[in-house]
Amino acid sequence: MDWFFKFPHMNDDSLRNLKKVIDEGFRAFTRAYGDAIEGLFAPLQHFLIAAERFMTKTPWPIIMLIILAIAWGASRSWKVVAGCLVTLLAIGYFDMWDDTMRTVSMIFVCTVLSIAIGIPTGILMSRSDRMQRVVNPVLDVMQTMPSFVYLIPVVMLLGIGKVPGLIAVVIYAIPPMIRLTDLGIRLVDKDVLEAADAFGSSSWQKLKNVQLPLALPTIMAGINQTIMMALAMVVIASMIGVQGLGQPVLKAIANQYFTLGIFNGLAIVGIAIIFDRVSQAYGKRLQKHREVVHG
Amino acid sequence: MADHHFDGIRIRNLYKIFGPNAASHVEAVRNGLSKTELNAQFGHVLGLKDINIEMPSGCIQVIMGLSGSGKSTLIRHINRLIDPTAGEVLVNGVDVVKMNEMELREFRRHQTAMVFQKFALLPHRNVLDNTLYGLEVQGVERAKAVDTAMRWIERVGLKGFESKYPNQLSGGMQQRVGLARALSNDAPVLLMDEAYSALDPLIRMDMQTVLLDLQKEIKKTVVFITHDLDEALRLGDQIAILRDGEVIQQGTSQDIVLRPADAYIANFVKEVNRGRVIHVEAVMAPVAPDHPVNGATLLAGSSIEDAIKVLAHGDAKDLIVVNPAGMPLGVVDLKTLASAAVTNN
């Protein structure tokens with residue numbers, strides 16, 4: 001009756017061998033192709049370095065003006081702009097300007113990459129149910145797998161640094177982008193699509209003129225979510241060498257520096273709120289034509 | 001306007017069955033399997049059964065039926081938004097059913113334009129950009145498209161609203177945009193799928209007038225779907241009545257009102273304002289040889305209501321019905337007219 005009380009498992013030796021074989025296989029793969037794969041990601045590395053250099057080397061008043069200008073352009077609201085100004089001034093005053101700029105540049109690159117990969121994937125997914133069935137479980141894995149676990153192979157392949165951090169953040173942050181693009185396109189009014197067909201639109205014309213514009217509010221919500229999740233990931237990414245606000249937090253955890261932790265944590269919250277309010281206000285402004293004036 | 005000759009639309013032996021094995025049941029339906037039997041035995045739905053309609057060029061063909069009669073399915077076969085299970089749809093002599101994807105797209109861009117019940121405007125585009133959508137899809141250059149679109153926006157009475165968004169307009173105005181969008185295409189066929197059903201009665205009358213006025217100059221082949229017999233009788237040069245996917249009567253408004261094919265149609269016709277629909281020719285008596293020659297006259301094709309109006313406001317006791325050349329055709333008096341307007345036989 002032993003099997004009844006203790007789950008009968010694979011014998012220890014085979015299990016150990018299985019793990020060993022897989023680990024060795026992956027290690028061999030890394031040794032053989034690691035450099036090639038690193039080369040593949042070189043353009044990303046340049047992009048990251050350029051973005052970071054721009055954010056940290058440009059004098060702070062200019063960066064501040066640029067951010068405020070973007071906030072104004074997107075939201076057209078003095079309240080949002082004033083909120084941004086106060087938050088940024090506080091961050092600078094508490095000597096977190098450089099780290100914040102590093103984080104912002106990282107988030108910027110992650111968002112661009114997520115949009116560049118996520119929107120086309122979402123479009124493909126919306127066009128075929130089979131594609132949706134294949135991609136959905138992958139997204140589930142990406143969202144639920146503890147991020148530390150996929151950091152291991154990424155670090156083995158690419159070492160410690162910005163690019164593996166970027167990959168980890170994108171894996172974590174891209175699912176809402178893909179899902180909401182797919183959802184947005186699937187929810188487009190069938191009557192309007194039929195009208196587009198009736199006028200002889202090609203599938204590209206339908207996508208460009210009807211599906212994407214009508215799905216835009218949902219896609220904007222996806223971008224917003226992606227940014228928020230990327231920000232949540234920066235602390236974990238700092239474990240594999242991503243500089244920015246995550247590193248002081250890591251240091252604070254290791255040494256029990258309460259104040260250091262809370263300051264940097266609040267800075268992350270601050271820029272999250274800036275990103276959120278600005279992108280939401282922009283999304284709302286895009287939707288102005290939806291306001292029902294005539295009942 | 002298209003200068004070239006347009007040959008109208010011919011629908012021949014058209015069948016539509018909804019279901020996974022539609023094609024295999026056409027033969028059985030041809031041999032008399034009914035809609036109920038098909039549904040009960042095979043789980044397939046009979047959408048359209050043996051439709052044969054000839055729509056001459058330049059006429060308004062109304063297809064009337066209640067919901068579920070297959071009228072919206074039928075109109076979608078003309079530009080093949082729905083594929084038929086069997087049959088032919090000849091538009092200007094070309095079978096739409098046999099077209100490949102490219103040909104079909106070209107056909108939809110240049111031969112047909114459609115107006116929808118729920119307007120189906122693009123909410124993120126203003127009136128102007130909605131109107132020129134068809135032209136944009138055709139690849140017409142922007143300046144030219146704007147020119148054409150502006151002309152039609154003005155023609156449907158929306159001048160000054162070009163930069164409004166659909167949500168800022170009332171239903172009637174939105175459908176004017178739908179009409180302008182369809183007319184900008186300058187396609188010989190205009191498909192109107194319950195285009196006015198979502199509008200208030202007064203606005204609907206208004207839009208019917210817009211269509212009739214426009215049709216006098218544009219002379220398109222219009223296919224107009226409606227569930228409203230009054231609308232059908234007012235607009236239709238020809239009317240086909242559909243029930244359960246079958247055409248149960250085809251003819252002019254006079255045929256439908258004076259000679260309903262069965263009790264179902266007779267039942268509809270009962271509610272119609274006969275005085276406004278029936279023409280005086282249908283009730284006139286032959287002109288007596290001794291009838292005074294200088295009596296009041298009325299043009300053939302006028303309605304009973306028109307005739308009563310003339311008699312009620314004038315001194316004449318009766319009216320002579322004349323053809324456009326002035327030849328007397330018959331005579332009507334107030335009593336005949338009044339009894340024709342109120343009785344069923």
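This is a chat about a predicted model, its chains A and B, and how their parts touch.

Trainee: Before we start, what kind of model is this, and what pLDDT do local features need?
Mentor: The model is predicted; local features need pLDDT of at least 70, side-chain atom pairs count only at pLDDT 80 or more, and totals for chains, interfaces and linings use all residues. Residues are numbered from 1 along each chain as its sequence is written, while chains are lettered from A and ligands numbered from 1 in the order written.

Trainee: How is chain B divided?
Mentor: Domain 1 covers 56-87 + 95-272, and domain 2 covers 276-342. Such bounds come from an automatic or database domain assignment. The C-alpha centres of these two domains of chain B lie 35 Å apart.

Trainee: How many residues does each domain give to the contact?
Mentor: Domain 1 of chain B gives 6 residues and domain 2 of chain B gives 4. Contact here asks for C-beta atoms, placed from the backbone, within 7 Å.

Trainee: Which helix gives the most on the domain 1 side?
Mentor: Helix H11 (residues 253-258) of chain B, with 4 residues. Helices are DSSP runs (H or I, at least four residues), strands are E runs of at least two, and both are numbered from the N terminus.

Trainee: New topic. Which residues have the most contacts inside the largest nonpolar core?
Mentor: B:Ile63, B:Ile78, B:Met192 and B:Val223, in a core of 94 residues. A nonpolar core is a set of buried Ala, Val, Leu, Ile, Met, Phe, Trp, Tyr and Cys residues joined through C-beta atoms within 7 Å. Buried takes 20 or more other C-beta atoms within 10 Å of the residue's own, again placed from the backbone; exposed is 12 or fewer, and partly exposed is in between. Helix H8 (residues 171-184) of chain B gives the most to this core, with 6 residues.

Trainee: What does B:Ile63 contact?
Mentor: Leaving aside neighbours within four places in sequence, its contacts include B:Lys71, B:Leu74 and B:Val223.

Trainee: And between chains, how many residues are in contact?
Mentor: 20 residues of chain A are in contact with 21 of chain B. On the chain A side, H10(A) gives the most, with 6 residues.

Trainee: What classes make up that side of chain A?
Mentor: It has 9 nonpolar, 6 polar and 5 charged residues. Ala, Val, Leu, Ile, Met, Phe, Trp, Tyr, Cys and Pro count as nonpolar, Asp, Glu, Lys and Arg as charged, and the others, Gly among them, as polar.

Trainee: Last one. How much helix is in residues 104-128 of chain A?
Mentor: That span is 96% helix and 0% strand, with its end C-alpha atoms 36 Å apart.

Key: Contact = placed C-beta atoms within 7 Å.
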